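Visitor: I have this one open in front of me and would like to go through it slowly, please.

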Protein chains: 2
Amino acid sequence: MPLTVLLVDDEPLVRAGLRAILDAQPDIEVVGEAADGAAVIPLVRRLRPDVVAMDVRMPLLDGIEATRAVLRTVPEPPRILVVTTFENDEYVYEALRAGADGFLLKRARPEEIVHAVRLVAEGGSLLFPASVRRLVDTYGAERGNPAARAALERARLTEREAEVLRLMARGLSNAEIAARLVVGAETVKSHVSAVLAKLGARDRTQAVIAAYESGFVAPE
Amino acid sequence: MPLTVLLVDDEPLVRAGLRAILDAQPDIEVVGEAADGAAVIPLVRRLRPDVVAMDVRMPLLDGIEATRAVLRTVPEPPRILVVTTFENDEYVYEALRAGADGFLLKRARPEEIVHAVRLVAEGGSLLFPASVRRLVDTYGAERGNPAARAALERARLTEREAEVLRLMARGLSNAEIAARLVVGAETVKSHVSAVLAKLGARDRTQAVIAAYESGFVAPE
DNA sequence: GATCGTCTCCCCCGCGCGGGGGAGGTCCGG
DNA sequence: CCGGACCTCCCCCGCGCGGGGGAGACGATC
């Protein structure tokens, strides 16, 4: 079965763009659209999409409130991908705190958009992409970085994966982690790959950064 | 001229071992020994060693006080490498705060010992080796991690190197850093290598960890 | 009993990374 | 005027890393 997506944005142009990009994927299907947050709940209930691509700035009900409403009222809610124009959008920050699973810049390349949708659908959290980093930079001054922390928590690492990430964050190589955990090197590679995928990280360095930013590991 | 070292340890066995290992290097010369901290100052004044390999736990004057005394009273003081038996030695922590440039576990392999001496002599800070990481783990609960911060500050990165490290800590690849700084990829490699050497890091991940641990970059 | 998630290990492959050299340029200070 | 520090770029080389697959074993859940 295909990965179903509901688009929520007040601009038809944006919805059309997203639909064009996503529907071009054989395994992704846009099952509905909404122009404001108020229309989201009934649509989600009826269409039961896997992912909701939600604009933050919308009339009537913004993306933050809409996210909260969906997560509060719908059983087994969809994954929510927040869509925004600006990387320094404080609404995005709020949306992540409200329970969104990741976010996406409108100017992202089509492949990135597709990737983001797939990632959140699979349970990942898009914690790392450059856009998120900038967000973290901006709001990094606040304690504990709830957005990053929430995103990482929602990444739902398995126990083993969390263990591997902790060791990565101590600077260990795959071989060293394997020795420490008394498993094969190939096994560690599997776990590391899983961690990178779930965190939306490109390499172990980015994963470690995410670990620090989220408070998963603490420097102090 | 060779790299000159002064050994300070109350156990003759340890001094003999260090001397054997270090004197085996063509470019390193052990120019003197002391059995306790009280004897260090005059010896340093007379021998003007490049590096002092200093035990922390000693009678009369321990390594911390000796370190402070040397740094306070000797103009152009030598680099101080703290030698210890235990990785969780709170004295080592104090010594780093007192101004020591790095530390060394007695059980380290000869190559590591030689490497450590060369590194601090060249202005590096041995911020990262596994032993230090464990230290950081242990005393990591204290704010700002003064030991790590002090060590990194003393690593004396050039402006460019610091810039590169900051970008590394944002998850950028060498190619991305090159694009950002508008220089060649080979140039970035040079800077990255310099950073790794000065921090005693094995790879960029460890360097980024050091950056976080030291407060050079802040997650919050 | 069947299914799913997790952990484990295996293959192949390409590329980025880091180490080892070296070398030219500027600019500053002795 | 001549080092020395710094930034820049170049070469070669090996290996670790990460992506792409797949597969078997186990326990929990349905």
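Visitor: Which parts of DNA strand D lie within 4 Å of the protein, and how much belongs to sugar or phosphate?
Guide: Of the strand D atoms within 4 Å of the protein, 69% belong to sugar or phosphate, and the rest belong to bases. Please keep in mind that this is a predicted model, where local features need pLDDT of at least 70 and side-chain atom pairs count only at pLDDT 80 or more, while totals for chains, interfaces and linings use all residues. Residues are numbered from 1 along each chain as its sequence is written, chains are lettered from A and ligands numbered from 1 in the order in which they are written, and side-chain values use heavy atoms, with hydrogens and water left out.

Visitor: OK, which residues come nearest to DNA strand D?
Guide: There are 18 residues around DNA strand D (a residue is near if one of its heavy atoms lies within 4 Å), and those that come nearest are Lys189(A), Arg204(A), Thr158(B), Gly184(B) and Thr187(B).

Visitor: What does Thr158(B) do with a phosphate oxygen there?
Guide: An N or O atom in the side chain of Thr158(B) is 2.7 Å from a phosphate oxygen of DNA strand D, whereas Gly184(B) places a backbone N or O atom 2.4 Å from a phosphate oxygen of that strand. On the base side, an N or O atom in the side chain of Ser190(B) is 2.9 Å from a base nitrogen of DNA strand D.

Visitor: Which elements give two or more residues to that surface?
Guide: They are helix H10 (185–199) of chain A, together with helix H8 (159–168) and helix H10 (185–199) of chain B; helices here are DSSP runs of H or I with at least four residues, and strands are runs of E with at least two, numbered from the N terminus.

Visitor: And what about DNA strand C, how many residues surround it?
Guide: DNA strand C is surrounded by 18 residues, the closest being Thr158(A), Gly184(A), Thr187(A), Lys189(B) and Arg204(B). A polar side-chain atom of Arg160(A) lies 2.8 Å from a phosphate oxygen of DNA strand C, and a side-chain N or O atom of Thr187(A) is 2.5 Å from a phosphate oxygen of the strand.

Visitor: Changing topic, in what order do the five strands of the open sheet in chain B come?
Guide: The order is S2-S1-S3-S4-S5, with parallel pairing, where two strands pair if DSSP finds at least two bridges between them. At the edges are strand S2 (28–34) and strand S5 (102–105) of chain B, each pairing on one side only. Neighbouring strands are turned by 25 degrees against each other on average, direction ignored; the axes are lines fitted to C-alpha atoms, for helices over the stretch in contact, and angles run from 0 to 180 degrees between N-to-C directions.

Visitor: How many bridges join S1 to S3 in chain B?
Guide: Four bridges join strand S1 (residues 3–8) of chain B to strand S3 (residues 51–55) of chain B, and Leu6(B) stands opposite Val52(B) in S3(B). Helix H1 (residues 12–23) of chain B packs on the sheet, touching S1 and S2 of chain B, and its direction makes about 165 degrees with that of S2(B).

Visitor: Last one, is Asp55(B) buried or exposed?
Guide: Asp55(B), which is found in strand S3 of chain B, is buried because its relative accessible area is 4%, and buried means under 20%, exposed over 50% and partly exposed in between (1.4 Å probe, protein chains only). Leaving aside neighbours within four places in sequence, Asp55(B) has contacts (heavy atoms within 4.5 Å) with residues including Val8(B), Asp10(B), Val83(B) and Lys106(B).

Terms used. A polar contact is a pair of N or O atoms within 3.5 Å; within protein, one must be able to donate a hydrogen and the other to accept it, and residues adjacent in sequence count only if both atoms are side-chain atoms.
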